[in-house]
Amino acid sequence: MDAKTHWEKVYATKAPDQVSWYRPHLETSIALIERSVSDRSASILDLGGGESTLVDDLLGRGFQNVTVLDVSHIAIDATKKRLGKPADRVQWLTEDVTQVELESRAYDVWHDRAVFHFLTLPEQRSAYVRQVVLSVKPGGYVIVSAFGPEGPTKCSGLDVVRYDAESLHEEFGTRFRLVESSKELHETPFGTTQQFLYCYCRVEAK
């Protein structure tokens with residue numbers, strides 16, 4: 001089963017608050033995004049946005065240039081429906097991040113909570129990093145959250161890769177200056193906890 005088919009099935013069969021990664025609000029992500037850019041016209045990409053409420057919260061805080069990219073049509077359509085008219089202010093991309101053609105130097109902030117750890121093959125991770133290098137402006141910020149060293153080894157029936165700050169940063173390379181990293185214990189809707197690692201990087205000019 002390819003990634004698109006897998007995630008369409010997940011979103012077709014589970015309610016938004018019945019997936020392990022669900023949080024009512026992504027407080028850590030919001031804080032890092034607001035730390036990255038004060039200008040509400042800054043361009044933000046939320047990768048793997050799915051049915052996350054991050055887009056609601058960004059619009060509610062006045063951000064005007066938000067793009068949500070997810071491989072699942074079902075998830076994107078559900079989020080559009082939930083937002084209603086404000087969905088018209090968002091750019092929606094239903095694509096696989098390793099294959100999509102993104103605009104060069106389009107984004108001030110790249111945000112990814114819980115996509116990168118699903119890329120178990122080196123060529124997938126390399127393709128992902130190429131997309132970031134292409135599409136994030138020099139001086140822009142990259143926020144990637146993946147399962148930490150004590151996180152689960154599987155999620156949604158798929159194998160994942162766990163990272164510490166050093167190993168996650170190494171995947172991106174020297175053009176990405178690690179500003180800081182942090183760990184977060186996420187409580188799932190089922191009463192279990194998952195360790196997430198956040199890496200917050202700045203893209204250096206060549």
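**Exercise 1. The hairpin**

How many residues lie between β8 and β9 in their hairpin, and which residue in the turn has a positive phi?

*Before you start.* You're working with a predicted model, in which local features need pLDDT of at least 70, side-chain atom pairs count only at pLDDT 80 or more, and totals for chains, interfaces and linings use all residues. Residues are numbered from 1 along each chain as its sequence is written, and side-chain values use heavy atoms, with hydrogens and water left out.

*Solution.*

Step 1. Find the strands. Helices (H or I, at least four residues) and strands (E, at least two) are DSSP runs, numbered from the N terminus. Strand β8 covers residues 176–187, and β9 covers residues 193–203.

Step 2. Look at the turn. There are 5 residues between β8 and β9. G191 sits in that turn, with a positive phi of about 85°.

Step 3. Check the pairing. Two strands pair if DSSP finds at least two bridges between them. β8 and β9 pass easily: they're antiparallel, with 11 bridges. One spot to click on is E180, which stands opposite Y200 in β9.

**Exercise 2. The other partner of β9**

Find how many bridges join β5 to β9, then work out how covered β9 is.

*Solution.*

Step 1. Go to strand β5, residues 136–147. It runs antiparallel to β9, and 7 bridges join the two. Here V144 is the residue opposite C199 in β9.

Step 2. Now for cover. Buried means under 20% relative accessible area, exposed means over 50%, and partly exposed is in between (1.4 Å probe, protein chains only). In β9, 9 of the 11 residues are buried, so the strand is mostly covered.

**Exercise 3. A space inside**

Name the residues that line the largest cavity and sort them by class.

*Solution.*

Step 1. Get the term straight. On a 1 Å grid over the protein atoms alone, a cavity is a set of points where a 1.4 Å probe fits but cannot get out, while a pocket is an open set with protein on both sides within 12 Å along at least five of seven lines; lining residues have an atom within 4 Å of a point. Grid points are joined across faces, edges and corners, and a volume is the space filled by probe spheres set on the points.

Step 2. Count and size. The structure has 1 cavity of 30 Å³ or more, and the largest cavity holds about 50 Å³ of space.

Step 3. List the lining: V142, V144, L168, H169, F172, C199 and C201. Two or more of these residues come from each of β5, α6 (165–172) and β9. Helix α6 gives the most, with 3 residues.

Step 4. Sort them. Ala, Val, Leu, Ile, Met, Phe, Trp, Tyr, Cys and Pro count as nonpolar, Asp, Glu, Lys and Arg as charged, and the others, Gly among them, as polar. That gives 6 nonpolar, 1 polar and no charged residues.

**Exercise 4. The largest pocket**

What is the volume of the largest pocket, and which residues are closest to its centre?

*Solution.*

Step 1. The volume comes to about 820 Å³.

Step 2. The pocket has 41 lining residues, and W7, V71, A114, V115 and F118 are the closest to its centre.

Step 3. Helix α1 (3–13) is one of the elements that give two or more residues to this lining. In fact α1 gives the most, with 4 residues.

Step 4. By class, you get 21 nonpolar, 12 polar and 8 charged residues.

**Exercise 5. A salt bridge across two helices**

Find the partner of D56 and say which parts the pair ties together.

*Solution.*

Step 1. A salt bridge is a side-chain nitrogen of Lys or Arg within 4 Å of a carboxyl oxygen of Asp or Glu. The whole structure has 12 of them.

Step 2. The partner of D56 is R82, with the closest N and O atoms 2.5 Å apart. D56 lies in helix α3 (residues 54–60) and R82 in helix α4 (residues 73–83), so the pair ties together parts that are 26 residues apart in sequence.

Step 3. Check the exposure. D56 is partly exposed at 23% relative accessibility, and R82 is partly exposed at 37%.

**Exercise 6. The cysteines**

How many disulfides does the count give?

*Solution.*

Step 1. A disulfide is a pair of cysteine sulfur atoms within 2.5 Å. The count is 0.

Step 2. Try C199: the nearest cysteine sulfur, that of C201, is 5.5 Å away, and C199 is in no disulfide. C199 is also buried, at 3% relative accessible area.
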